[in-house]
Amino acid sequence: MTASKKKAPISFFNSRLISVISIALALYMMGLFFIFGLMSKELSVYMKENISFSIILKEEIKEADIRQMEKQLNAQPFIKCAKYISKEEAAKEMVAELGEDPQTFLGFNPFQASIEVKLKSAYANPDSLQHIEKKLTSYTNVSELLYQKDIMQVVNSNIRRIGLVLFTLITILILISFVLISNTIRLLIYSKRFLVYTMRLVGATPAFIRRPFIRYNIVSGLIAGILAIMMLMGTLYYLQGELAGLEQILRGEGLLVVYGAVLVLGVVLSVLAAYFAVNRYLYMARGKMYYI
């Protein structure tokens, strides 16, 4: 009798530990996909904001007019930054790239002064680009507007495809995780199916019967979510040591959202799984409980 009493708590602890670890692993996999989605979003922002326009200025423009125009451009809501590049600076950049100075054999500086403009990522799309192009060319001192339209279209097209693929994968993974969590919790509740039947016999309402199971799984979901977050943090710490610049892509605010989503999903999926698992035995005949 004493041995059986000692064995029960140990068995209960082991079953709970296994269920928490199983849920945590499922949440960990979901968290990794959320982080991949966050990385793709941050990379798309980085790429869009580093594709620049070159506003070629007319020869006769005055320095004061250039500075005024640069100030006006920086005040525009769609512009991240605008930087004036003089003819001399353009020549120096070309010398650094080619290793030769074109002025030595041409006898003059062939470059024109320009303003390099980088857009905010939200405006780096085909619809906005047409409006921005008209806006920039409307300045009287602008001679020409140069930018890589094809590259922008390719970047936007690829980002949409990657986003769609990631959304599909994350949706599938959430469904798979729910099935895994549901099966884990169902096994736990399976051992208590006769307790559910007994509670129903003495007149307990369905809500009253579900309550302890749901509370139990809220705690399990929280513990599993915290464990999954710890594993994700450990994975990111390792990757930051292996991949230089990763901390610049994965910012703290985005990671907090991912961690919060993992914690909430851990609780929500566990509660839903417990709800449906208990419902399965609520109205089941006693005879059937022996054969499932």
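V258 is found in helix 10 of this predicted model. With a relative accessible area of 6%, V258 is buried. Leaving aside neighbours within four places in sequence, V258 is in contact with G31, F34, I35 and L38. The C-alpha atoms of V258 and F33 are separated by 9.7 Å, although these positions lie 225 residues apart in chain numbering.

One of the contacts of V258 is I35, a residue of helix 1. I35 counts as buried, at 3% relative accessibility. Residues up to four places away in sequence not being counted, I35 touches L232, L236, L250, L255 and V258. Between the C-alpha atoms of I35 and L232 the separation is 9.1 Å, and the two residues are 197 residues apart along the chain. L232 is also among the residues touched by V262, together with L27, G31, F34, G225, A228 and I229, again not counting residues up to four places away in sequence. G31 and F34 thus appear in the contacts of V262 and in those of V258.

The largest nonpolar core has 40 residues, of which L27, I189, I209 and V262 touch the most other members. At least two residues of this core are supplied by each of helix 1 (2-49), helix 6 (149-190), helix 7 (193-201), helix 8 (206-242) and helix 10 (252-282). The greatest contribution comes from helix 10, which gives 12 residues. A second core, separate from this one, has 22 residues and includes F53, F78, Y139 and V142. In soluble globular proteins, nonpolar side chains tend to be buried together.

Y139, a member of the second core, is also in contact with Q76. Q76 is found in the loop between helix 2 and strand 2 (79-85). Q76 counts as buried because its relative accessibility, 18%, is under the 20% cut-off. Apart from neighbours within four places in sequence, the contacts of Q76 are K135 and Y139.

Nonpolar side chains also occur at the surface. L17, I21, L25, I226, L227 and M230 make a nonpolar surface patch of about 520 Å². Helix 1 and helix 8 each supply at least two residues of this patch. M230, one of the patch residues, is found in helix 8. M230 is exposed because its relative accessible area, 54%, is over the 50% cut-off.

A search of the whole structure finds 1 salt bridge. The salt bridge joins the side chains of E70 and R67, with an N to O distance of 3.2 Å. Both residues belong to helix 2 (residues 63-74), and because they are 3 residues apart there, about one helical turn separates them. The two partners differ in accessibility: E70 is buried, with a relative accessible area of 14%, whereas R67 counts as partly exposed at 42%.

Confidence in the prediction varies along the chain. The mean pLDDT of the protein is 78, and 85% of its residues reach 70 or more. Over residues 1-10, pLDDT stays under 50. For these residues the model has 0 contacts beyond four places in sequence.

Definitions and conventions. Residues are numbered from 1 along each chain as its sequence is written. This is a predicted model: local features need pLDDT of at least 70, side-chain atom pairs count only at pLDDT 80 or more; totals for chains, interfaces and linings use all residues. Side-chain values use heavy atoms; hydrogens and water are left out. A salt bridge is a side-chain nitrogen of Lys or Arg within 4 Å of a carboxyl oxygen of Asp or Glu. Helices (H or I, at least four residues) and strands (E, at least two) are DSSP runs, numbered from the N terminus. Buried means under 20% relative accessible area, exposed over 50%, partly exposed in between (1.4 Å probe, protein chains only). A nonpolar core is a set of buried Ala, Val, Leu, Ile, Met, Phe, Trp, Tyr and Cys residues joined through side-chain atoms within 4.5 Å. Contact means heavy atoms within 4.5 Å. Patches are made of residues with over 30% relative accessible area and no salt bridge: like charges are joined within 9 Å, nonpolar side chains (Val, Leu, Ile, Met, Phe, Trp, Tyr) within 5 Å. Accessible areas come from the Shrake-Rupley method with a 1.4 Å probe; for residues, only the protein chains shown count as cover. pLDDT is the predictor's confidence in each residue, from 0 to 100.
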